[in-house]
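Let us walk through this fold step by step. Keep the sequence and the 3D view side by side as you read.

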Amino acid sequence: MNIAMAVRKKADCMGRRVGAVMVKENRIISTGYNGTPEGVENCTEGGCVRCKKGTAAGTGYDVCICVHAEQNALITAARFGIAVEGAVVYSTLRPCFDCTKALLQAKISTIYYLDDWNPKGDEDLIAQYKLLQARFPERVQQVQMDDPDEDWANPRRTSQPEAAESNGNDDFQSSAR
Ligand SMILES: [Zn+2]
Ligand SMILES: [Zn+2]
């Protein structure tokens with residue numbers, strides 16, 4: 001997770017900054033951080049209209065051109081022909097809906113995340129997110145550790161604390177620890 005936090009330093013988005021590392025047999029096979037596609041103006045320089053408009057956190061991902069850290073790790077692996085089946089993902093943020101389905105379909109076995117993320121709104125969609133995360137063969141589990149860059153990485157969270165929403169994670173974890 002320390003390496004995912006180091007990778008995160010390169011993230012460029014007006015929203016959260018996220019880093020992800022993909023590991024197989026104790027070797028790093030790919031990394032990713034979130035930001036606009038290569039060659040496109042950075043998000044913090046106005047490159048992403050969705051982020052620039054201050055769209056509510058957790059919404060409008062379909063029109064956000066910032067590629068998420070987990071997606072970038074997958075895409076980089078694809079680009080260089082690295083098999084990811086059975087790999088473990090360390091992400092500084094719990095994968096969103098989109099990243100969850102991509103990682104599941106790529107046959108990632110385990111996800112360890114630092115900061116929690118939960119979909120908001122429709123109860124049925126939230127339930128589906130939980131079901132999807134429960135499908136990973138090993139587990140989806142939060143890692144407890146100090147994060148000196150927490151406020152920088154989660155800028156919106158400082159204005160609206162979500163600490164109370166971090167409960168209930170046990171639903172997603174397999175019994176094996
Ligand atoms: Zn952005
Ligand atoms: Zn995502």
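What follows starts with the sheet and then turns to the helices.

The model is predicted. Begin with the sheet. It is open, holds 5 strands in the order 2-1-3-4-5, and has mixed pairing. From one strand to the next, the twist averages 15°. In general, strands of a sheet pair through backbone hydrogen bonds, either parallel or antiparallel.

Which strands stand at the edges? They are strand 2 (27-33) and strand 5. Each has a single partner strand, so one side of each is left without a neighbour in the sheet.

Now look at the pairings. Strand 1 (residues 19-24) pairs with strand 3 in the antiparallel sense, over 4 bridges. Here Val 23 has Val 88 of strand 3 as its bridge partner.

Move on to strand 3 (residues 88-93) and strand 4 (residues 110-115). These two run parallel and are joined by 5 bridges. To find the register, locate Ser 91: it stands opposite Tyr 113 in strand 4.

Strand 4 also pairs with strand 5 (residues 139-142), in the parallel sense, over 4 bridges. Tyr 112 has its bridge partner in strand 5, namely Gln 141.

Next, trace how the chain connects the parallel strands. Strand 3, helix 4 and strand 4 form a β-α-β unit, and the unit is right-handed. From strand 4 the chain passes through helix 5 (residues 123-133) to reach strand 5. This β-α-β crossover is right-handed.

Helix 3 comes next. It lies across strand 1, strand 2 and strand 3. Against strand 2 it runs at about 125°.

Helix 3 also meets a helix. How do helix 3 (residues 69-79) and helix 4 (residues 97-105) sit relative to each other? Their axes come within 9 Å and cross at roughly 30°. Angles under 35 degrees count as roughly parallel. Helix 3 and helix 4 are therefore roughly parallel to each other. The crossing of helix 3 past helix 4 is left-handed.

Which residues make this contact? Helix 3 supplies Glu 70, Gln 71 and Leu 74. Helix 4 supplies Cys 99, Ala 102 and Leu 103. The residues of this contact divide into 4 nonpolar, 1 polar and 1 charged.

Finally, put the pieces together. Helix 4 has two roles in this picture: it belongs to the β-α-β unit with strand 3 and strand 4, and it makes contact with helix 3. Helix 3, in turn, lies across strand 1, strand 2 and strand 3.

Methods:
Residues are numbered from 1 along each chain as its sequence is written. Chains are lettered from A and ligands numbered from 1 in the order in which they are written. This is a predicted model: local features need pLDDT of at least 70, side-chain atom pairs count only at pLDDT 80 or more; totals for chains, interfaces and linings use all residues. Axes are lines fitted to C-alpha atoms, for helices over the stretch in contact, and angles run from 0 to 180 degrees between N-to-C directions. Angles under 35 degrees count as roughly parallel, over 145 as roughly antiparallel, 65 to 115 as roughly perpendicular and the rest as oblique. A crossing is left-handed if the near helix is turned anticlockwise from the far one by less than a right angle, and right-handed if clockwise. Two residues are in contact if their C-beta atoms, placed from the backbone, lie within 7 Å. Ala, Val, Leu, Ile, Met, Phe, Trp, Tyr, Cys and Pro count as nonpolar, Asp, Glu, Lys and Arg as charged, and the others, Gly among them, as polar. Two strands pair if DSSP finds at least two bridges between them. A crossover is right-handed if, with the strands pointing away from the viewer, the path from the first strand over the helix to the second runs clockwise.
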